[in-house]
Amino acid sequence: MIFVQMLIGKLMNFTYLIGDKDSGLAAVIDPADDADGILKEAEKYNLKIIYIINTHAHFDHIMANGDLASKTKAKIIMHEKSEAMKDLSVKDDDIIEIGKLKMRVIHTPGHTPESICLLIDKKLLTGDTLFVGSCGRTDLQGGDPKELYNSLSKLMKLDDDVEIYPGHDYGNKPCSTIGYEKGHNYALSFRTKEGFIRFMGGSL
Ligand SMILES: [Fe+2]
């Protein structure tokens, strides 16, 4: 598997290029801007981008969708709850195939209703649900601390050696693991759901 993490823009977004070496097919996750830079990276590995997948529809995660789609003819994929422009809808537990690679969709509402995480082998792309050292905010439209608590609990059931790759470079390192975050992430340190909800400013 070809796996490239790109830091793009002033909001420190991470865009990911994931390619299958054998078939030469690839997906771009959360193209934050700079479609030409992403295309150059794909050319470097001889990859044809067939999917653009967004972990959620906030503008900084979909900014280059249009430009990239028109230059590659790639299909745009989002969770079915997203109201943004897309070609294909996915739901929890769906599998997206990129050549021989299989990527599992995990629906993780809370930051937004349509937020998803994507699991490919032992790599989990967490969007704005889970960051290194923290979690996504829930005070924007559609945010819900109760849902985010449930979604984070769902992610913590994955194996400790699953690597996490977030949607922003907000932590002290660009990626981490489920096991490390369990011991070091404040958002995962609350003993009760109520404690987490209160901390996030939500009502019980
Ligand atoms: Fe976001």
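What spacing do the donors of the iron ion follow along the chain? The spacing is H-x1-H-x52-H-x16-D, and the close-ups below start from that site in this predicted model.

**Figure 1. The iron ion and its donors.** Four residues of the predicted model coordinate the iron ion: H56 through NE2, H58 through ND1, H111 through NE2 and D128 through OD. The coordination distances are 2.2 to 2.3 Å. Look at the angles among the 4 donor atoms, which run from 86 to 175°; the site is classed as irregular.

**Figure 2. Two histidines from distant parts of the chain.** H56 and H111 are 55 residues apart. You will find H56 in the loop that joins strand 4 to helix 2 (59-62), while H111 sits in the loop between strand 8 (101-107) and strand 9 (116-120). H56 counts as buried because its relative accessibility is 1%, under the 20% cut-off. H111 has a relative accessible area of 3%, so this histidine is buried too.

**Figure 3. The open sheet.** Six strands make up this sheet: 6 strands in the order 1-2-3-4-5-6, with mixed pairing. At its edges are strand 1 (2-8) and strand 6 (88-90), each of which pairs on one side only. From one strand to the next, the twist averages 25°. As a reminder when you trace the backbone, strands of a sheet pair through backbone hydrogen bonds, in either the parallel or the antiparallel sense.

**Figure 4. Strand 3 beside strand 4.** Here is a parallel pair within the sheet: strand 3 (residues 25-29) and strand 4 (residues 48-53), joined over 5 bridges. A handy place to begin is L25, whose bridge partner in strand 4 is K48. Helix 1 packs on the sheet and touches strand 1, strand 2 (13-20), strand 3 and strand 4. The direction of helix 1 makes about 155° with that of strand 1.

**Figure 5. E41 in helix 1.** Zooming in on helix 1 (residues 35-44), we reach E41. Is this glutamate buried or exposed? E41 is buried, because its relative accessible area is 16% and the cut-off for buried is under 20%. Leaving aside residues up to four places away in sequence, E41 touches V4, M6 and L17.

**Figure 6. Helix 3 across the strands.** Helix 3 (residues 65-72) lies across strand 3, strand 4 and strand 5 (75-79). Compare its direction with that of strand 4: helix 3 runs at about 150° to this strand.

Definitions and conventions:
Residues are numbered from 1 along each chain as its sequence is written. This is a predicted model: local features need pLDDT of at least 70, side-chain atom pairs count only at pLDDT 80 or more; totals for chains, interfaces and linings use all residues. Side-chain values use heavy atoms; hydrogens and water are left out. Helices (H or I, at least four residues) and strands (E, at least two) are DSSP runs, numbered from the N terminus. Buried means under 20% relative accessible area, exposed over 50%, partly exposed in between (1.4 Å probe, protein chains only). Contact means heavy atoms within 4.5 Å. Two strands pair if DSSP finds at least two bridges between them. Axes are lines fitted to C-alpha atoms, for helices over the stretch in contact, and angles run from 0 to 180 degrees between N-to-C directions. Donors are N, O and S atoms within 2.8 Å of the metal (3.2 Å for Na, K and Ca); water is not among the atoms, so sites may look incomplete. Four donors count as tetrahedral if all angles lie between 85 and 135 degrees; four count as square planar and six as octahedral if opposite donors are over 155 degrees apart and all others between 65 and 115; anything else is irregular.
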